[in-house]
Structure formats: C-alpha cells, structure tokens
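The questions below concern one helix and its surroundings, and then the pairing of charged side chains. Each answer is worked out from the model.

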Amino acid sequence: MNTFEQDTDTLKAWDKAHVWHHMTTGQSADAGLTMFVRGEGLRLWDIDGQEYLDATAGGVWVTNVGYGRREIADAVHQQLLDLNYFAGSMASKPASAFAEKLLSKMPGMSRVYYSSSGSEANEKAFKMVRQIAHKHHGGRKHKILYRERDYHGTTLAALSATGQMERREHFGPFLPGFVEFPHCCEYRSQFGEVDDYGARAAQAMEAVILREGPETVGAVIIEPITAGGGIIPPPAGYLQAVREICDRHDVLLIMDEVVCGMGRTGTWFGYQHDDITPDIVTMAKGVASGYAAISCTVTTEHVYSLLKEAEGDTLGYFRDISTFGGCLASQAAALANVSIIEREGLVENSARQGERLMAGFRDLAERYPLIGDVRGKGLFQGIELVTDRTSRQPVDESIPMAIVSRCKAHGLLIGRTNRCVPGFNNVLNFSPALTATDQEIDTIVERLDRALHDVTPTL
C-alpha cells in the first residue's frame, strides 16, 4: 500500500510519534498539528477537508506564485529525466539560463553562486567577506556588522549575525567577529520624534563601524525590510545613507533578500525601492516558490574579481561547495517560477494589492485601538499591537497568539513574530501569494476583522 493511502488517524499518529517539527513546542506537537494535503492558489486543504486561505505563503514567506503550479512541476519533472544532478563545479543548462534571467532583474550585479537554503546563502557571503579580508587586508577587515531585530538564518554563523535574542538563546557561544548595531524601527525611535530618523539610524550604524575601527570591518548585512523581527521597512533615506557609509569606509554591503526577493515587496528586490546597488545579495524562499530547494548568493563583478586567484596561487579562489547547489531541477524550477512572475505581472500585482491590503488594515486600525502601527510594502505587511497608542506599550504575546488562533478558526492563516525579540513578539504578519486577487485581499481583511472582534471589542 502507498503510505499516503493510510487512513487519516494512522497518518496523524505517525506524525505525533515520529516527526520533530520546526519551531514547535512539544506541547503543541503532542496535541497534534494540522496536516495539509492539497493547495491551489492561496488555498489549502487539510487532511480532514477543512479549507483555509493562506496569508503566510507557506508559513514562512515562500510560495510567491501560489500552490498547484503545473508549469513548475513539469519543468522539474523534465529536468529530473534529462539530468537530475551534477556538482556545481561543472556547467549546466538550467544554471546558466536562470543566472542570465535573474541578473536581468538586478542591474549592477554580475555573478550567481547556487546553494540550497537562505542560511547557506548567507554563510557563503560571510565566507566571501572573510576570504577577501585574508587576501587583500592581511586578515584584519574580517568583522561583519548585523542589525538588531534582523534574522539571517539558523546555522551558527547565521545566528551569530542575527539580532533576535530569543532565536539565539541556548545556542552560544557564537562566532567571533560579528557585531550588532541599532535597529531602524521608526515607530520605536531611539531619538524621539525627529524629522531625520533615517539619517540618524544610519549614523548609529556608522558609529559602530568607527568604534570597531573601519580597518577591521569587512561587511554590513541587513534585511531590506526586517521580516521576523517585526516587519520593519527602512525609514526615508536610510538605505541610501547606509550605502554611502559603506562606500566611505570600504565596507561591503550585503542585502539579505531571502524573504523580500522575487517580487514580495512590489519590486523584484526590496533594496530596489531605494535605488541602491549592494555588493552581495542573498535570496532563497521565493526563488522557486517552494517547488524546489534553491538559494543564491549574487555578487558584483568587483567582488567576484577579489576572489579570483593570482597566477600560482592555488588557494586564492573561492574554495567552497554546496552539494545540493548542483540539483539542476531546482534551477529549472526557479526559471519557470520567474517566467510565471513575468507573464502574469505578479511584481506589479504585489504592489497594487499591497495598497489594497494596507488600506484595509488602516480601516481596521480606525476601529481597533490595539492596532498601534500598520507597516510594510507590497504583499509583505505587519500590524503591531499595543495596549494603548500613547505609550505604545506592546501587548502581551498571548494577544497575537489568540488572534492567530481565531483567524485559523475562521479559515485564515496568518503569522506573528515568534520567539524573536523579548517583549516585542507583538506583530501580526501577512504575506499572501503574489497572485492574490481583490476578493482574496478583502477576505483576508474581513476574516481578520472577525478575529479581532472575537478577541477584543470593537469601539
């Protein structure tokens, strides 16, 4: 018998007995978790036949083009038959074709290095910075600065560069040479009410560079919009100032586009809202919309040239490998994914529907005093919940937990900040697939309204 044809109770029992679930408490796992079995567009069905509207893109901002895309499945199937794998040390048709297509969306970028997860893509970027330090700066320019509230992955190096204390708890000691600088959440300004918050936040980063010594700092890594740390878009002028500061001190700028990339924010990449060119860009989740595991570390030609060997230098090139960066079906899936985004105008749809979603959330904010701030870009938005709008005191995280639960009861899946920043796990997260229609956006708002009404009275 095909194991998927086992009865529902047996499959649920196997799951409870054997599967160790990601980011899930033992208590929740013991109680039994929802088992999804089918998806189409933004809709999911569980094993009991319950239908849900997914406003989380697979729970962690992945399924940009939605569920059930035969075009991508067919591309994967054909590539698996033609040639499923060869290590990335050799050339392949899908790797070259996707690199050309991807770089056409990224003016100023030149080289694509393949791997299989966002954490791994950031690891590659860190290794590039460290090798450049040894090759060109006597090993001194090795420090990597990261921003408070940003998240860059689950490996030890990526956690060493993560500004979320609850994600880091119990996993230290961390790697040396990673240094935190202050957040850029204007809603929680460190400087009070000011007109130049973006410039001040960037200067706070520069102060850390100067404190550490520019001759020791090799790179800065930031998310264009902080994701799991609270959906925090950059304030006006911030990214341009960060770019200028990095140039002034000969510091590489790494943009972690693992969440924001591939149209999520209404541009192909989040940094493109601010018309800057990074030195390194990392990406993963939406690259193939979850139809295959793939990530990319993309660099300028300058960075690539710094890691080319001199004549007779047997160790001078980038000596790195990602085993599953050689899975050719992943690159075929990514190419089909981009074709869908282009053909269906999904970047533009993300921007357009993002405005509709924001308008709906602002309408809810007029009626629910616990909504302190609504923020984001495109189909990547957050609602920060507070006890009152004057003090901006965060609600206890039991409140967003209850709202998420009530949304699910009404057939809507949303996210929330979860084990990130102590005291600030108070943000509801929304990231529907880029295919979202007017009706689906309105349904998200309507079902959230019902959940808010369940948890707190309407004024």
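Q: Which residues of helix α5 are buried in this predicted model?
A: Helix α5 spans residues 93–103. Buried residues are those under 20% relative accessible area. In α5 these are Pro94, Ala95, Phe98, Ala99, Leu102 and Leu103.

Q: Why do the buried residues of α5 lie on the same side of the helix?
A: An α-helix has 3.6 residues a turn, so residues three or four places apart point the same way. The buried set includes Ala95, Phe98, Ala99 and Leu102. Around the axis, the buried residues cover only a limited arc, and this puts them on the same side of α5; the arc is 145°.

Q: Which residues are exposed on the other side of α5?
A: Exposed residues have over 50% relative accessible area. On the side of α5 away from the buried residues, this applies to Lys93 and Glu100.

Q: What covers the buried residues of α5?
A: The cover includes both helices and strands. Among the strands are β4 (111–115), β9 (280–283) and β10 (295–299). The helices include α4 (70–82) and α12 (328–343).

Q: Which residue caps the N-terminal end of α5?
A: The cap involves the backbone nitrogen of Ala95. A side-chain oxygen lies 3.2 Å from that nitrogen, and the oxygen belongs to Ser92.

Q: Where in the chain does the partner of Arg111 in a salt bridge lie?
A: Arg111, in strand β4, forms a salt bridge with Glu301, with the closest N and O atoms 3.0 Å apart. The pair links distant parts of the chain, 190 residues apart. Glu301 lies in helix α11 (residues 301–306).

Q: Are Arg111 and Glu301 buried, exposed or partly exposed?
A: The relative accessibility of Arg111 is 33%, and that of Glu301 is 36%. Partly exposed covers the range between under 20% and over 50%. Arg111 therefore counts as partly exposed, and Glu301 is likewise partly exposed.

Q: What is the N to O distance in the salt bridge of Asp196 and Arg200?
A: Side chains of opposite charge can pair when their charged atoms come close. Asp196 is partly exposed at 37%, and Arg200 is partly exposed at 33%. Their side chains meet in a salt bridge with an N to O distance of 2.7 Å.

Q: Which residues are joined into one network by salt bridges that share partners?
A: The structure holds 32 salt bridges. Some of the salt bridges share partners. The network they form joins Glu120, Lys124, Lys127 and Asp320.

Terms used:
Residues numbered from 1 in each chain as written. Predicted model: local features only at pLDDT ≥ 70, side-chain atom pairs only at ≥ 80, totals over all residues. Heavy atoms only, no water. Buried < 20%, exposed > 50% of the residue type's maximum accessible area, 1.4 Å probe, protein only. Helix = DSSP H or I, 4+ residues; strand = E, 2+ residues; numbered from the N terminus. Arc of directions from axis to C-beta. Contact = heavy atoms within 4.5 Å. Polar contact = N/O pair within 3.5 Å; in protein donor to acceptor, adjacent residues only side chain to side chain. Salt bridge = Lys/Arg side-chain N within 4 Å of Asp/Glu carboxyl O.
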